[in-house]
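Please look over the structure shown here. A short briefing on one helix and one metal site comes after it.

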Amino acid sequence: MTTLGIECTAHTFGIGIIKDNKIIANEFDMYKPEKGGIVPADAAQHHRSVAQQVLENALQKANISIKDIDQIALSTGPGLPPCLVAGMEFAKSLSKPIIPVNHCIAHIEIGKQTLKFKDPLIVYSSGANTQIIAQQGNRYAIFGECIDIGIGNAIDKFARSIGLPMPGGPKIEQLALLGKKYIDLPYTVKGMDLVFSGLVTAASKKAKTEKLEDMAYSFQETIFAMLTEVTERALAHTKKTEVLLTGGVAKNRRLQTMLSEMAKLHNAQFGVPQDEYLGDNGAMISLVGSLSKNPQKDIDINPNWRTDQVELTW
Ligand code: ATP
Ligand code: FE2
């Protein structure tokens with residue numbers, strides 16, 4: 001069985017191919033706005049213009065032709081509606097059975113499968129989402145999450161305020177390595193949930209007078225400590241023995257270190273997939289498509305589809 005996965009929910013148009021449980025291609029093209037944040041219509045236009053080329057690259061990498069593809073897995077949500085529509089139109093144009101895939105579940109499953117984790121506590125930390133998750137029965141339950149903006153979006157917003165373009169995460173990480181002084185910033189954890197806007201506003205204001213290296217360092221220490229605190233509480237509560245960090249922000253080495261040190265204190269194994277599978281990618285979509293095996297006739301986008309609404313059939 002060969003499944004071709006299409007990722008299209010936001011900035012990245014990606015195509016992955018999985019054949020008999022083995023990923024044989026993972027190609028993508030990312031939209032990067034010159035100034036400001038993502039303009040959904042522009043991102044959708046980007047996806048339309050690169051789709052055919054990304055498909056050709058993926059098929060070439062896998063050394064197969066479109067005739068060899070049995071089914072398409074498509075990320076139908078959550079995401080930006082214009083981008084989801086662009087991806088769906090492209091998927092339909094390929095005239096194959098289509099399996100709708102939840103983007104968040106894909107970030108989780110690619111981590112679980114590549115690390116061979118069985119039942120981890122999951123820290124899904126990406127652009128629009130920040131969730132602490134564990135499986136309960138045949139669903140993923142969310143133990144804590146961001147209630148205003150996602151952690152990656154918060155980092156990107158702060159980065160833009162100090163003149164660093166999208167994606168700001170990697171640039172803030174580099175700058176933070178040079179920081180020496182911790183500058184006090186708002187730390188807002190409400191129960192098990194996280195609030196980031198106040199931190200972004202305060203850091204952007206203080207950046208006008210403080211050294212940018214110190215600001216980047218202090219911003220990272222604060223925002224990652226908030227995430228580590230709620231993860232630790234979820235770990236103590238669930239008593240899981242594995243901690244899986246996934247999503248685009250999981251590429252951050254400082255966040256990896258904080259969570260792995262915390263996991264160690266609780267005798268839990270810590271794991272993070274390789275960078276290629278952390279940001280948005282088609283391989284993770286093809287993987288969930290190959291697991292779920294439920295092609296549907298009436299495919300539609302689902303922009304607000306939540307992690308805990310998906311029934312785990314595998
Ligand atoms: P979601 O999965 O919530 O829909 P998304 O799909 O937009 O969000 P991903 O591609 O999973 O997001 O992650 C993108 C985010 O990861 C961006 O906000 C980017 O700045 C952030 N990011 C990438 N590398 C790093 C890094 N080294 N440190 C911190 N953040 C990073
Ligand atoms: Fe994502």
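The points below cover a helix and a metal site.

This is a predicted model, in which local features need pLDDT of at least 70, side-chain atom pairs count only at pLDDT 80 or more, and totals for chains, interfaces and linings use all residues. Residues are numbered from 1 along each chain as its sequence is written, chains are lettered from A and ligands numbered from 1 in the order in which they are written, and side-chain values use heavy atoms, with hydrogens and water left out.

**Helix α8**

- Helices are DSSP runs of H or I with at least four residues, and strands are runs of E with at least two, numbered from the N terminus.
- The buried residues of α8 (buried means under 20% relative accessible area, exposed over 50%, partly exposed in between, with a 1.4 Å probe and protein chains only) are Leu 255, Gln 256, Met 258, Leu 259, Met 262 and Ala 263.
- Viewed down the axis of α8, these buried residues fall within an arc of 165 degrees (taken from the directions from the helix axis to the C-beta atoms), so they line one face of the helix.
- Lys 264 and Leu 265, on the other side of α8, are exposed.

**Iron site**

- The iron ion (ligand 2) has the protein donors His 103 (NE2), His 107 (NE2) and Asp 280 (OD), at 2.1 to 2.2 Å; donors are N, O and S atoms within 2.8 Å of the metal (3.2 Å for Na, K and Ca), and water is not among the atoms, so sites may look incomplete.
- His 107 lies in helix α3 (residues 103-115) and Asp 280 in the loop between β12 and α9 (282-292), so the pair ties together parts that are 173 residues apart in sequence.
- His 107 is buried at 0% relative accessibility, and Asp 280 is buried at 12%.
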